[in-house]
Number of protein chains: 2
Amino acid sequence: MLNNSHYIDKLRSSGLRPTKQRIKICEILFNTEKTFHFTINDLVKKISKATNDKISLATVYNTVHAFKKKGYLKEIPINSDQSYFDTNTSHHHHFYDENQKDLMDIDDADVEPVKINTRIPGKKIKSVEVLVKVEDA
Amino acid sequence: MLNNSHYIDKLRSSGLRPTKQRIKICEILFNTEKTFHFTINDLVKKISKATNDKISLATVYNTVHAFKKKGYLKEIPINSDQSYFDTNTSHHHHFYDENQKDLMDIDDADVEPVKINTRIPGKKIKSVEVLVKVEDA
DNA sequence: ATTCTACATTATAATAGTTCTAAACTGTTG
DNA sequence: CAACAGTTTAGAACTATTATAATGTAGAAT
């Protein structure tokens with residue numbers, strides 16, 4: 001509950017009303033040194049640890065989608081039974097450990113830029129995402 | 001309904017009993033020149049077009065998972081409300097058109113090999129998959 | 001400050017994809 | 001052919017997510 005004015009400004013400037021639920025979720029998602037990955041379920045757990053006032057599940061979904069739309073979160077393409085989100089919105093790719101079901105960033109310096117030498121007429125590239133699946137050696 | 005003995009052998013040799021349901025699904029998935037992408041729902045529709053004896057939804061799921069496990073199908077990592085499968089099990093990447101919700105192969109010759117210059121200790125790379133999201137230009 | 005209004009939150013219901021269950025069925029082996 | 005393990009099946013159950021509609025609230029206008 002340090003300095004929320006930053007989040008309030010951020011929310012307001014992107015056209016989102018700074019409600020106490022959104023501010024709390026900002027604190028949980030963005031008050032850390034390190035970025036991290038989470039599912040909605042993870043986030044709900046973090047929220048209930050962090051506060052006594054519970055936030056409705058619908059609001060959690062709404063907020064995560066709103067933040068994704070505003071570019072504060074990225075969704076990671078992975079086939080899983082649930083969606084994964086990333087607080088690291090800079091360009092980078094992922095390792096996915098199928099044994100531990102663990103998702104890790106790959107430092108962008110460790111991936112050669114992916115060149116796609118073909119295009120689809122009338123379409124432009126929106127993103128290029130690499131998922132490296134790993135397993136026990 | 002051409003020559004099923006091929007599928008029967010294939011199934012038997014991978015430890016799957018060649019039931020009429022599995023053979024029918026093999027015909028639908030593998031009797032084509034071109035490989036293709038499908039969801040479970042797509043497959044169910046194809047089946048009901050192709051045969052009068054309906055196959056239970058549970059069997060479709062079971063069979064697709066069995067075929068995936070045996071390496072006859074690949075699942076494509078994409079966040080969608082449903083799972084996408086690919087009868088093309090060779091190495092290649094995908095375009096995903098978010099407007100049309102259309103998934104397309106990228107010819108492997110059109111993608112520079114993706115170099116990952118880092119490793120996770122104790123893990124080996126199982127696959128490297130590139131998903132190129134496109135949108136209306 | 002009070003009122004107004006559009007935006008947010010909420011509990012709950014609804015939906016959709018997928019998995020589970022347990023009974024009936026069938027391919028294979030002896 | 002008998003026996004058994006693997007398979008299919010319908011339907012129930014489960015899970016993640018979205019929709020609904022009533023209530024609440026932030027910010028602007030008065």
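Which element supplies the largest share of the surface near DNA strand C? In this predicted model, the largest share comes from H4(B), with 4 residues. At least two residues each are supplied by helix H2 (20-30) of chain A, helix H4 (57-70) of chain A and helix H4 (57-70) of chain B.

DNA strand C is surrounded by 23 residues, of which A:Thr19, A:Gln21, A:Thr59, B:Tyr61 and B:His65 come nearest. Among the atoms of DNA strand C that come within 4 Å of the protein, 71% belong to sugar and phosphate. By residue class, the surface near the strand comprises 9 polar, 8 nonpolar and 6 charged residues.

Several side chains of chain B make polar contacts with the DNA. For B:Tyr61, one of the residues that come nearest to DNA strand C, a polar side-chain atom is placed 2.8 Å from a phosphate oxygen of that strand. The side chain of B:Arg12 has an N or O atom 3.4 Å from a phosphate oxygen of DNA strand C. In the case of B:Arg17, the partner is a base nitrogen of DNA strand C, at 3.5 Å from an N or O atom of the side chain.

The strand pairing involves both chains. Within chain A, strand E4 (residues 93-97) runs parallel to strand E6 (residues 123-136), and 4 bridges join them. Between the chains, E6(A) and strand E6 (residues 123-136) of chain B run antiparallel and are joined by 13 bridges. A:Val132 takes part in both pairings: this residue stands opposite A:Phe95 and also opposite B:Val128 in E6(B).

How values were computed
Residues numbered from 1 in each chain as written. Chains lettered and ligands numbered in written order. Predicted model: local features only at pLDDT ≥ 70, side-chain atom pairs only at ≥ 80, totals over all residues. Heavy atoms only, no water. Near = heavy atom within 4 Å. Polar contact = N/O pair within 3.5 Å; in protein donor to acceptor, adjacent residues only side chain to side chain. Nonpolar A, V, L, I, M, F, W, Y, C, P; charged D, E, K, R; others polar. Pairing = 2+ DSSP bridges.
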